[in-house]
Amino acid sequence: MKRSFNYQQQKKINFTLKIRERLKELPPYVGKYARGIEPLTSDNTRYSYLSDLQVFFYFLITSKPEFVDCTMKDVTLEYLEELTIFDIEEYQEYLKFYCSPTGQWYQNGERGVARKIASLRSFFYYLHQHDLITKNPMLKVSTPKIHEKEIIHLDEEEIVALIEHIKHANIRYKSNRKRDIAITILLLGTGIRVSECVGLDIDDVDFINERIRVIRKGGNEMYVYFGEEVKETLEDYLKERQLLLEQMPEEKALFLSRRKKRISVDAIEELVKNYSKEVITRKTITPHKLRSTYGTRLYEETGDIYIVADALGHKDINTTSRHYAAIQDKRRREAAKAFRIQKKEDSSL
């Protein structure tokens with residue numbers, strides 16, 4: 001009998017299989033690292049770290065003459081501990097534009113470079129802490145500087161324009177209209193991540209307590225509360241979804257694709273992009289921008305950065321503080337409008 005898995009279980013299985021495949025290409029001691037960080041990281045994070053390490057090992061065997069005709073598995077621990085800060089700096093430069101083992105070219109900005117250096121730092125820290133190497137070349141490597149980008153979010157007029165456009169847009173599959181409105185308003189009204197939205201089942205929606213159950217980044221379960229607008233939209237959508245449930249009782253996903261399977265992250269990103277580009281021309285809107293809109297508006301309403309951090313599921317308050325910077329920008333704009341170089345003449349004179 002074939003065993004069925006829920007969305008979160010299947011997601012974990014998929015990442016486990018992808019991690020095993022990635023480890024087949026890397027030296028055996030990388031497997032020790034992957035198992036060592038498992039209790040401290042999510043499956044997604046662990047797979048990202050291993051993908052970053054694959055880039056590093058590929059850099060070594062294609063850039064260093066001592067590894068001519070070698071594979072990544074041939075890189076020894078003895079070689080790693082002999083690396084210097086100059087080797088790491090060379091790798092940082094390589095990361096800006098490089099070719100993968102599959103022949104595909106990649107370009108990294110400062111955030112991409114910083115993330116891959118952070119992965120490498122974690123890897124060497126583990127090797128040194130577990131006495132697999134006696135020297136850690138990453139200790140002398142500075143963290144790459146990252147310039148903060150302005151948080152892009154929708155203003156009130158843009159939100160209204162986007163929702164109205166979805167309601168009246170000429171779309172190929174009109175049966176998806178209520179679904180698309182529900183997804184958009186849910187993202188705007190709760191600030192959940194697109195991956196959390198994809199993972200929702202019908203049973204995760206609690207209309208009595210006006211909340212949804214989400215699995216946060218890192219695997220933690222949390223209830224996220226919603227307001228009247230989200231409630232009305234979800235109730236309207238679920239009347240339509242309930243008809244499909246009667247036909248397909250085994251599919252518990254809240255949001256479905258047109259093939260009647262759980263909708264994907266890519267599909268939600270595409271629908272948000274396609275709808276928004278018709279009415280919002282000066283900004284590129286993604287599901288993450290809808291999340292930023294929620295965070296910024298919540299801070300406007302509460303003035304409490306800790307409430308915003310909790311609602312968004314941020315572990316680091318510094319991540320949330322960027323929404324405060326967005327509010328400060330709004331205040332600067334208002335101040336600029338209020339300022340007059342020349343005072344208006346008094347019409348009563």
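**Entry 1: a loop residue**

I began with Asp131, which sits in the loop between α6 (110–129) and α7 (156–168). A reminder to myself: this is a predicted model. I looked up the backbone angle and found that Asp131 has a positive phi of about 60 degrees, although it is not a glycine. Is Asp131 buried or exposed? Its relative accessible area is 67%, and the cut-off for exposed is over 50%, so Asp131 counts as exposed.

**Entry 2: another positive phi**

Next I went to Glu210, in the loop between β3 (205–206) and β4 (211–215). Glu210 is not a glycine either, yet it has a positive phi of about 50 degrees. I checked its cover too: the relative accessible area of Glu210 is 26%. Buried means under 20% and exposed means over 50%, so Glu210 goes down as partly exposed.

**Entry 3: helix α12 and what follows**

I then checked the length of helix α12, residues 287–302. How far should its 16 residues span at 1.5 Å a residue? The expected span is 22 Å, and I found the end C-alpha atoms 23 Å apart, which agrees. I also listed the buried residues of α12, and among them are Pro287, Leu290, Tyr294, Leu298 and Tyr299. Charged residues turn up in that buried list as well, including Lys289 and Arg291. Just after α12 I noted Gly303, with a positive phi of about 70 degrees.

**Entry 4: helix α3**

I did the length check again on helix α3, residues 43–63. It has 21 residues and reaches 30 Å from its first C-alpha to its last, close to the expected 30 Å. How many residues of α3 are buried? I wrote down 15 of its 21, so α3 is mostly covered.

Arg46 is one residue of α3 that I looked up by itself. Its relative accessibility is 5%, so Arg46 counts as buried. I also took one distance from Arg46: its C-alpha atom is 9.8 Å from that of Tyr33, and the two residues are 13 apart along the chain.

**Entry 5: salt bridges**

Time for charges. I reminded myself that side chains of opposite charge can pair when their charged atoms come close. How many salt bridges does a search of the whole structure find? It finds 22.

I picked a few to look at. In one, the side chains of Glu90 and Lys64 meet, at 2.9 Å from N to O. Glu90 is in helix α5 (residues 85–95) and Lys64 is in the loop between α3 and α4 (77–80), so this pair links distant parts of the chain, 26 residues apart. I compared their cover: Glu90 is partly exposed at 35% relative accessible area, whereas Lys64 is buried at 10%.

Another pair is Arg179 and Asp180, whose side chains meet in a salt bridge at 2.8 Å, N to O. Arg179 has 9% relative accessibility and counts as buried. Asp180 comes out at 4%, and it counts as buried too.

I also looked at Arg216, which forms a salt bridge with Glu196, the closest N and O atoms being 2.8 Å apart. Where do the two partners lie? Arg216 is in the loop between β4 and β5 (221–225) and Glu196 is in helix α9 (residues 194–198), so the pair ties together parts that are 20 residues apart in sequence. Both Arg216 and Glu196 are buried.

Then I found some salt bridges that share partners: they join Lys12, Glu38, Asp43 and Arg46 into one network. That brings me back to Arg46 of helix α3.

**Entry 6: a negative patch**

Which residues form the negative surface patch I looked up? They are Glu228, Glu229, Glu232 and Glu235. I looked more closely at Glu235, which has its place in helix α10 (residues 228–247). Its relative accessibility is 33%, so Glu235 counts as partly exposed.

**Entry 7: Ser276**

My last stop was Ser276, in helix α11 (residues 265–279). Is Ser276 buried or exposed? I noted a relative accessible area of 2%, so Ser276 is buried. I also took a distance to Ile163: the two residues are 113 apart along the chain, and their C-alpha atoms are separated by 9.1 Å.

Notes:
Residues numbered from 1 in each chain as written. Predicted model: local features only at pLDDT ≥ 70, side-chain atom pairs only at ≥ 80, totals over all residues. Heavy atoms only, no water. Patch = residues over 30% accessible without salt bridge, like charges linked within 9 Å, V, L, I, M, F, W, Y side chains within 5 Å. Areas by Shrake-Rupley, 256 points an atom, 1.4 Å probe, with all protein chains shown as cover. Salt bridge = Lys/Arg side-chain N within 4 Å of Asp/Glu carboxyl O. Lys, Arg positive; Asp, Glu negative; His and termini not counted. Charge placed at Lys NZ, Arg CZ, Asp CG, Glu CD. Helix = DSSP H or I, 4+ residues; strand = E, 2+ residues; numbered from the N terminus. Buried < 20%, exposed > 50% of the residue type's maximum accessible area, 1.4 Å probe, protein only. Expected span 1.5 Å × (residues − 1).
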